[in-house]
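This briefing addresses the cysteine pairing and the nonpolar cores of the protein shown below.

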Amino acid sequence: MTPPSLPLLTHQHQRTAPRLLTWSNWHCPTWLLWMLWAWLSPAWAHQHSHPHSIKIPGDITLGGLFPVHAKGPSGLPCGEIKKEKGIHRMEAMLYALDQINSDPDLLPNITLGARILDTCSRDTYALEQSLTFVQALIQKDTSDIRCSNGEQPIIRKPERVVGVIGASASSVSIMVANVLRLFEIPQISYASTAPELSDNNRYDFFSRVVPPDSYQAQAMVDIVKALGWNYVSTLASEGNYGESGVDAFVQISREAGGLCIAQSMKIPRDPKPGEFDKLIKRLMETPNARGVIIFANEDDIKQVLEAARRANLTGHFKFVGSDSWGAKSSPILDHEDVAEGAVTILPKRASIEGFDQYFTSRSLENNRRNIWFAEFWEDDFRCKLTRPGIKLDPEKKKCTGNERIGRDSPYEQEGKVQFVIDAVYAMAHALHNMHQDLCPGAIGVCDKMDPVEGRLVLSYIRSVNFNGSAGTGVLFNENGDAPGRYDIFQYQMTNTSNPGYKVIGQWTNNLRLNVEEMQWSGGDRQIPDSVCSFPCQPGERKKMVKGVPCCWHCELCDGYQYQADEFACEMCPFDMRPTPNRTACRPTPIIKLEWHSPWAIIPVFLAILGIVATLSVVITFIRFNDTPIVRAAGRELSYVLLTGIFLIYLITFLMIAEPGPVVCAFRRLLLGLGMCITYSAMLTKTNRIYRIFEQGKKSVTPPKFISPTSQLAITFILISFQVLGVFIWFGVVPPHTIVDYEEQRPPNPELARGILKCDMSDLSLICCLSYSIVLMVTCTVYAVKSRGVPETFNEAKPIGFTMYTTCIIWLAFVPIFFGTAQSTEKMFIQTTTLTVSMSLSASVSLGMLYMPKVYVIIFHPEQNVQKRKRSFKAVVQAATMSTRLSQKSNSDKQNGETKLEPDRMQ
């Protein structure tokens, strides 16, 4: 029989079913119609010659698509039988039909029939088979066909399919849905999860009782994040299921953020030898990405595990498998150690006890309606049935027919059985509700349901809401998708009495994962890492790798920086330093020169000795105040000078004492005052001696202002300049303390210290001492000028030696003081240097000017007697003569003393 021409087909169909084939309703191009006709003829011929379908009679017929056989080798459409995915699922539909037809409350007086086809796990073959479902919708003109006797033939009218249950694979469902939508035949899948099928514009007659992979991908993203992973690879079998699943995972992870894809690889549909070894090698290019997200079929999963074992990477990769892996044992058979720790996901399901009872009771005798059951029987029991004309293979045992499923062969309910039953029930509930609305009170199918309008059936399908076979709700959203409900498994084989898949959580719009129940390779309960870069240590900032938001380098916040946030280091405030872990700043410790410090002990010891010595001299002078030596030394200026020396020693204690406003005020006042008093008195003495002998060379008249009162007045006038300058300083800048954080701020912040000190800079210190230095230098000049005074006038020479020695001390002080400006112990060194230098200069003055006098007063009192008085003229003449004789003879200096009391001359 040749197919009629396209115009005739169109004309006939417009006359009988104009709703179906008008161009406005088809929305299909002309080339698709030609393709349909190209496939229809061989399909019909095939159906009449090779009955590869199950026909269940009924008032309303449902179509069924199941992968009863695997994909065949090249040249053959079908391969070996698939016991679980094929026979289990197909028998689940038959079981559901039996239950519905025996239920008096669901479709009463209406019997559901079925036409069940084998897709052979191939989309093109499934498309050819599914054309059976649309035969009744295409009217054929047979008026020109006659039998041999001239009569018109009786052609059996094909049953009208109102809805299709299936298919299994997403690629098959996509191919079939493109055809079924043209004829407005609703379709409910029990296993197709590709996100592409959620497109209600392209697949508007498609629904499913399993959630789409977009939900699954969301659940897998949540699992990866819960495990603390942020760097994973993806593997996908070529085809709609694998590629769309990975695409959904990548898209959701990109939107969620914090998750990067290291490698995204596709497993070819027909992989070449060594292809899986190459995939494993590529995965190892990013070894830190130990987590592998896999959307692949069972065969590909097994090949990946085999390749990982060959590469000696058992335990390295941690797989997160989609529902195609689920809780199946076949993908990991003989590779359990490689798969240990794998986390898999499966739509929430329950084992249907009624189906177990039904299926285990099936036999060759009571299940003749299943045309593939004999083939299943041979494969399940590994025996061979005898058939007429076929010789029995001697290597295989003969089937007796008395074998029983679950007794003589292992049996475990396939995971999608529940969803097959729910899909059939969803169609039944939709037809039931439709019957109640269109045929109220009618028994059987009424005229309004003959024929059943596909678009109306679809609307009822999308409105169903009932408890399914597992007790969970069955309903559809506007895209025909079921709600996402998943169980999460982990394959465990260590530390357990029953190795296998263990439920560790579930996902229903949000994740609930029992991490404490998870275990990995070797029974380790520590979650393995799958990160591009490990978290930075405290005090380290992330320097991101360009283009890879999950990868970074860790850089230590150095110096005085602290970690301000995850990506930035900032400097601590000037008075603070970073904590040891550099996550915050802490106050810099404040120190001062302590009394027990070695830098303080030596100056304090010298100062105490000096004070004791000074007080001894003062006491001695007071006790022997009227003796010739004390009087000859100039009592008034001696007491002033000794006061200055005492203050020089005293300043040591003020320099070491804890700084405060009072201490700082006394430092300013006494630091220069002691030296000013000392050198003012010395300058007055040397100036007096110089003027006396210079005047004597010219005249016998004494110079002015050489009396004790005049000498004191001159001394106090000189001192007043220092005091006035200090008080002006007080007024301009009141004394206060500061904390110097710069002085002890080495590269290592742990050694940083703030130094509590008075507000006296190095410059202000020098300014404070500068006047005293001027007095000292002037005094030295007069001492040099007075070097020619005879030995008998001994007051000038000790002052001269004192000034020479003092100048040497202070010349040594300057480089030490300023040479330590960069030292971390600057304050301690400078304070010690200053106080020691002042104590030494005071000791020199005390030792050279007063210790010899004290020695004579105490140990040689016989020398402390009054000499006869001489006039000023006699004194000058004697001194002049002595000087000339000394110059003439150029003899050595003589020892001994002659007491001169010029201050007593009038």
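How many disulfides does the structure hold? The model, which is predicted, holds nine. Three of these links are described here, followed by two unpaired cysteines and the cores.

**Disulfide 383–399**
- The sulfur atoms of cysteine 383 and cysteine 399 lie 1.8 Å apart, and the link is right-handed, with 95° about the S-S bond.
- Because cysteine 383 lies in strand β14 and cysteine 399 in the loop between β15 and α15, the pair ties together parts 16 residues apart in sequence.
- Cysteine 383 is buried at 1% relative accessibility, and cysteine 399 is buried at 8%.

**Disulfides between the β20–β21 loop and strand β22**
- Cysteine 532, in the loop between β20 and β21, is joined to cysteine 551 in strand β22; this link is right-handed, with 110° about the S-S bond.
- Cysteine 536, in the loop between β20 and β21, pairs with cysteine 554 in strand β22, and a torsion of about -90° makes this disulfide left-handed.
- Cysteine 536 is buried at 18% relative accessibility, whereas cysteine 554 is partly exposed at 35%.

**Unpaired cysteines**
- Cysteine 676 is in no disulfide, the nearest cysteine sulfur being that of cysteine 768, 9.8 Å away.
- The sulfur of cysteine 807 is 8.9 Å from the closest cysteine sulfur, in cysteine 779, which is too far for a bond.

**Nonpolar cores**
- The largest nonpolar core has 67 residues, and Met93, Leu112 and Leu431 have the most contacts inside it.
- Helix α15 gives the most to this core, with 13 residues.
- Methionine 93 touches residues including Phe66, Ile165, Val420 and Val424.
- A second, separate core of 57 residues includes Ile651, Leu654, Leu834 and Leu849.

Terms used: Residues numbered from 1 in each chain as written. Predicted model: local features only at pLDDT ≥ 70, side-chain atom pairs only at ≥ 80, totals over all residues. Heavy atoms only, no water. Core = buried A, V, L, I, M, F, W, Y, C linked by side-chain atoms within 4.5 Å. Buried < 20%, exposed > 50% of the residue type's maximum accessible area, 1.4 Å probe, protein only. Helix = DSSP H or I, 4+ residues; strand = E, 2+ residues; numbered from the N terminus. Contact = heavy atoms within 4.5 Å. Disulfide = S-S within 2.5 Å. Lists of a residue's contacts leave out its neighbours within four places in sequence.
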